[in-house]
Each structure stands twice: as structure tokens, then as C-alpha cells.
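This report describes a single chain from its overall make-up down to selected residues. The sequence and the structure are shown first.

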Amino acid sequence: MNAFDLSPAQIRNRLILQAQQAALAAGLRPQPARCPPGHGEAAACVPVVPCVSVAAGDAVRLAESDHRYATGPLRLRIVRIRADINEWYEGEWVWLEGVEIGPDDQDGPLRPVLARVAALRPDR
């Protein structure tokens, strides 16, 4: 995967994560969370970590309206839930990394997906 495979938001989030990791390695104290533009005063803005009902290894089926940066319905076997970059989606969306499951039930490519939390239910 290279920079051309990522959305601007994914690139931004990766840069923030790298900066946070570098600051921790240098022994700097973490700064309080800042609000995204348009969210009012920082004191009123508290990042929300979403509560999801799926875990790594679960397969999920998402309608087109329940995920971003792709078209059509999607079946995904979750590899990782990215709790480190989900704080700015107000608990409604979560970044997942998973293996796309094709129509023939064969594993496809590994891909990041921004998914609606309310739509995440294990695909039985």
C-alpha cells in the first residue's frame, strides 16, 4: 500500500499517529485533544471512542450506505479495529481493517474501511 491508495483523511490520521508515537518516544506529555474545525470551544469537545459489537475475526456485511470510500455492498472479515484514529467521528463511524470477502466466499484484498457503527453486526 502506498500514499496513492489512501484517502486524505487516512493520510492525515496516519501522520497524527506517527507524530503522537514520536512524541511519546521522546518523553513528551500528551496534549489534550483538540476539536476539529467548527466544533466550538475545546472545553466542550470531548472525543468519543465508539463502542462496537464486533471483534477481530468477525465477518460483517455492509450496505453501500454503511461504509465510505467504496461502492456497492461489502463483506469484510475484520483484522483490526482502529481505535487509535476513531475519536473524531462522534462515535458514529469506526475505521476497520479487514479482508474483503468475494461473492465466491474467497478472501480478497486487505483494505481499510470507514464503517457506520450502527451497521456492525456479525454476519452469521
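The sections below cover the fold, the strand pairing, the salt bridges, one residue of β4, and the nonpolar cores.

## Overall make-up

The model is predicted. Its chain contains 1 helix and 5 strands, and the order from the N terminus is α-β-β-β-β-β. The chain has 124 residues, of which 31% are buried.

Its accessible surface is about 8,200 Å², and carbon and sulfur atoms contribute 56% of that area. Among contacts with a separation of 6 or more, 53% join residues 24 or more positions apart.

## Strand pairing

Strand β4 (93–101) takes part in two antiparallel pairings. With β3, the pairing runs over 5 bridges, and with β5 over 8 bridges. For the β3 pairing, I81 has L96 in β4 as its bridge partner. For the β5 pairing, W95 is placed opposite L114.

The link from β4 to β5 is a hairpin with 5 residues between the two strands. D105 lies in that turn and has a positive phi of about 65°. Strand β4 is mostly covered, with 8 of its 9 residues buried. In a regular strand, side chains alternate between the two faces of the sheet.

## Salt bridges

The chain has 6 salt bridges. One of them joins D66 and R116, with the closest N and O atoms 3.1 Å apart. This pair links distant parts of the chain: D66 is in the loop between β1 (59–62) and β2 (67–68), while R116 is in strand β5 (residues 107–116), and the two are 50 residues apart. How covered are the two partners? D66 has a relative accessible area of 15%, so D66 counts as buried, since buried means under 20%. R116, at 28%, is partly exposed.

A further salt bridge connects the side chains of R82 and E97, at 3.1 Å from N to O. Here R82 is in the loop between β3 (74–81) and β4, and E97 is in strand β4, 15 residues apart. Both R82 and E97 are buried. R111 and E100 also form a salt bridge, and the closest N and O atoms are 3.1 Å apart. Because R111 belongs to strand β5 and E100 to strand β4, this pair ties together parts that are 11 residues apart in sequence. Through salt bridges with shared partners, R80, R82 and E97 are joined into one network.

## The surroundings of E100

E100 is located in strand β4. Is E100 buried, partly exposed or exposed? With a relative accessible area of 24%, E100 is partly exposed, because the buried class ends at 20% and the exposed class begins over 50%.

Leaving aside residues up to four places away in sequence, E100 touches L74, R75, L76, Q106, D107, G108, P109 and R111. With R111 there is also a polar contact between the two side chains, at 3.1 Å. The C-alpha atoms of E100 and I78 are 8.7 Å apart in space, although the two residues are 22 apart in sequence.

## Nonpolar cores

In soluble globular proteins, nonpolar side chains tend to be buried together. The largest nonpolar core of this chain has 13 residues. Which of the 13 residues touch the most other members? They are V60, L62, L96, V113, A115 and L120. Strands β1, β3, β4 and β5 each give two or more residues to this core, and β3 gives the largest share, with 3 residues.

L120 touches V52, S53, V54, V60, L62, V94, L96 and A115, not counting residues up to four places away in sequence. A second, separate core has 5 residues, including I85, Y89, W93 and L114. L114 is also the residue that stands opposite W95 in the pairing of strands, and L96, named above for the largest core, is the bridge partner of I81.

Definitions and conventions: Residues are numbered from 1 along each chain as its sequence is written. This is a predicted model: local features need pLDDT of at least 70, side-chain atom pairs count only at pLDDT 80 or more; totals for chains, interfaces and linings use all residues. Side-chain values use heavy atoms; hydrogens and water are left out. Helices (H or I, at least four residues) and strands (E, at least two) are DSSP runs, numbered from the N terminus. Buried means under 20% relative accessible area, exposed over 50%, partly exposed in between (1.4 Å probe, protein chains only). Contact means heavy atoms within 4.5 Å. Accessible areas come from the Shrake-Rupley method with a 1.4 Å probe; for residues, only the protein chains shown count as cover. A salt bridge is a side-chain nitrogen of Lys or Arg within 4 Å of a carboxyl oxygen of Asp or Glu. Two strands pair if DSSP finds at least two bridges between them. A polar contact is a pair of N or O atoms within 3.5 Å; within protein, one must be able to donate a hydrogen and the other to accept it, and residues adjacent in sequence count only if both atoms are side-chain atoms. A nonpolar core is a set of buried Ala, Val, Leu, Ile, Met, Phe, Trp, Tyr and Cys residues joined through side-chain atoms within 4.5 Å.
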